[in-house]
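The following note sets out several points on strand pairing and helix packing for consideration. Please read each point alongside the displayed model.

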Amino acid sequence: MRIPSLVVLALTLMVRPLMAQDINSYTLENGMEVLVIEDHRAPVVVQMVWYRAGAADEKPGVSGVAHFLEHLLFKATDDLESGELSDTVAANGGSDNAFTSKDYTAYYQRIAADRLELVMTMEADRMRDLRLTVDDIATERDVILEERNMRTENNPSALFSEQRTAAQYMNHPYGIPIIGWKHEMSKLSLEDALAYYRRYYAPNNAILVVAGDVQPTDVLALAQKHYGPLAPTVDLPKRNRTIEPPQLSERRLSYQDARVSQPYVIRTYLAPERNSGDQTQSAALTMLAELLGGNGQTSVLSRKLQFEQQKAIYTSAFYDGMSLDQTTFGLVIVPSVGISLTEGEALLDAAVAEFIEEGVDAEQFERIKMQLRAGLIYEQDNVQALANRYGSALTSGLTIKDVQDWPQILQDVTAEDVIKAAALLLDKKQAVTGWLSTPTTTEQVSQ
């Protein structure tokens with residue numbers, strides 16, 4: 001007899017705890033935090049250094065400098081030639097990279113566990129001893145400008161997204177693209193990069209996350225040896241950002257581009273982020289996004305608009321509460337051929353209103369809870385995913401306990417919590433509604 005897959009999944013989740021890994025945390029004398037996640041199933045380790053500084057921490061006029069500096073950190077240091085860090089990691093069978101977000105910048109290496117000290121030595125070296133030249137600036141500035149050309153300038157959806165985000169955040173730096181505005185990127189200088197580096201790249205503004213086949217005491221000893229001697233920044237600024245003023249009316253925009261192949265409507269609402277010790281509302285919004293548009297086959301919007309009414313070829317709802325400041329909740333509809341953007345928007349509004357009126361389908365709700373639980377459990381099989389989970393949380397204002405509590409908070413969300421959270425979607429005064437279309441579209445955004 002074949003056992004249904006959902007039954008197998010349920011049985012698996014019953015015997016596997018939500019957070020099985022062992023976690024130890026320390027703080028070095030210079031203020032650097034150290035987090036060790038043990039996983040002895042394979043002789044592999046991931047080292048990540050997370051800085052509590054991202055694009056939203058840039059000074060006005062130098063947008064993109066956080067991402068620019070991320071590129072420059074692979075240049076020369078006191079002890080390493082330009083590119084030597086990555087070459088050394090590759091020569092030892094590992095991989096490395098970095099990424100910049102609005103709230104953090106992170107650097108990582110994945111390598112054999114017995115090479116941890118090697119990568120720790122190099123990572124510690126570039127935290128304080130980066131050596132940049134004017135030639136480095138010119139070369140890497142061209143690289144990031146080309147990256148913007150490829151990912152943004154040549155992508156109407158990306159350009160549209162920048163305009164919508166700028167309309168969403170009129171005063172908060174989240175309205176500025178992570179990669180930067182092109183006219184400011186083209187002027188980034190050596191002084192700009194060094195100012196950001198000296199301001200934020202310090203042990204007391206960093207979190208070391210080591211996950212894999214390690215012993216916590218051994219990691220602590222290595223961290224004390226290589227990161228411990230680094231001097232902290234004594235005047236490290238607090239992350240006091242400008243506050244978004246109350247939004248008093250709905251904002252709407254229309255972006256037209258001849259390269260658009262499929263017009264669509266997207267609406268994003270200002271929404272609360274996950275806050276330390278108070279994640280319930282964020283959990284309800286997470287569930288709401290999954291119910292409305294998390295699955296292309298079974299979600300509320302896809303069933304109603306794509307399959308029953310056949311008025312849309314794609315629908316979605318999205319929310320990410322991992323944010324230091326106020327985030328967004330979004331809805332998307334790509335209307336079917338012959339359905340105007342006006343009709344598509346009205347269909348989207350009607351489907352959401354009907355969901356709120358009818359309430360949550362109990363069977364679908366339990367299925368989503370099980371899937372989310374499964375995703376969090378299976379993520380434990382990937383040490384880099386675990387390191388990412390904790391690093392992104394700790395640099396976004398959360399604690400280890402918040403991360404560990406999150407799976408159960410999701411499971412405790414009720415249908416009533418979801419409907420209460422959904423009231424946000426009825427208040428367009430908190431929203432930006434955007435239309436993306438071609439210049440030949442005769443519709444105009446309604447006033």
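1. The model is predicted, and this note begins with β3 and its partner β5. Strands β3 and β5 (residues 105-112) run antiparallel and are joined by eight bridges. Within this pairing, Val49 faces Tyr107 of β5.

2. A further partner of β3 is strand β6 (residues 206-212), again with an antiparallel course, and here seven bridges make the connection. Val49 appears in this pairing as well, standing opposite Leu208 in β6. Val49 is thus placed opposite Tyr107 in β5 and opposite Leu208 in β6.

3. How many of the eight residues of strand β3 are buried? Strand β3, which spans residues 44-51, is mostly covered, with seven of the eight in the buried class.

4. A second region concerns an open sheet of five strands, ordered β7-β11-β8-β10-β9, with mixed pairing. Strands β7 (251-256) and β9 (312-319) occupy the edges; each has a single partner strand, so one side of each lacks a neighbour in the sheet. On average, and with direction ignored, neighbouring strands here are turned by 15° against each other.

5. At one edge of this sheet, β9 pairs with strand β10 (residues 327-335) in the antiparallel sense, over seven bridges. Ala317 has Leu331 of β10 as its bridge partner.

6. Which helices lie against these strands? Helix α11 (residues 300-308) lies across β9 and β10 and runs at about 165° to β9. Helix α12 (residues 341-358) also packs on the sheet, where it touches β7, β8 (264-271), β10 and β11 (431-437). The direction of α12 makes about 125° with that of β10.

7. The last point is a helix pair. Two packed helices are described by the angle between their axes and the distance between the axes. Helix α10 (residues 280-293) packs with helix α16 (residues 415-422) at an angle of about 85°, and the axes are 8 Å apart. Angles of 65 to 115 degrees count as roughly perpendicular, and α10 and α16 are therefore roughly perpendicular to each other.

8. The contact between these two helices involves Ala284, Leu285, Met287, Leu288 and Leu291 on the α10 side. From α16, the contributors are Asp417, Val418, Ala421 and Ala422. By class, the residues of the contact of α10 with α16 comprise eight nonpolar, no polar and one charged.

Terms used: Residues are numbered from 1 along each chain as its sequence is written. This is a predicted model: local features need pLDDT of at least 70, side-chain atom pairs count only at pLDDT 80 or more; totals for chains, interfaces and linings use all residues. Side-chain values use heavy atoms; hydrogens and water are left out. Two strands pair if DSSP finds at least two bridges between them. Helices (H or I, at least four residues) and strands (E, at least two) are DSSP runs, numbered from the N terminus. Axes are lines fitted to C-alpha atoms, for helices over the stretch in contact, and angles run from 0 to 180 degrees between N-to-C directions. Contact means heavy atoms within 4.5 Å. Buried means under 20% relative accessible area, exposed over 50%, partly exposed in between (1.4 Å probe, protein chains only). Angles under 35 degrees count as roughly parallel, over 145 as roughly antiparallel, 65 to 115 as roughly perpendicular and the rest as oblique. Ala, Val, Leu, Ile, Met, Phe, Trp, Tyr, Cys and Pro count as nonpolar, Asp, Glu, Lys and Arg as charged, and the others, Gly among them, as polar.
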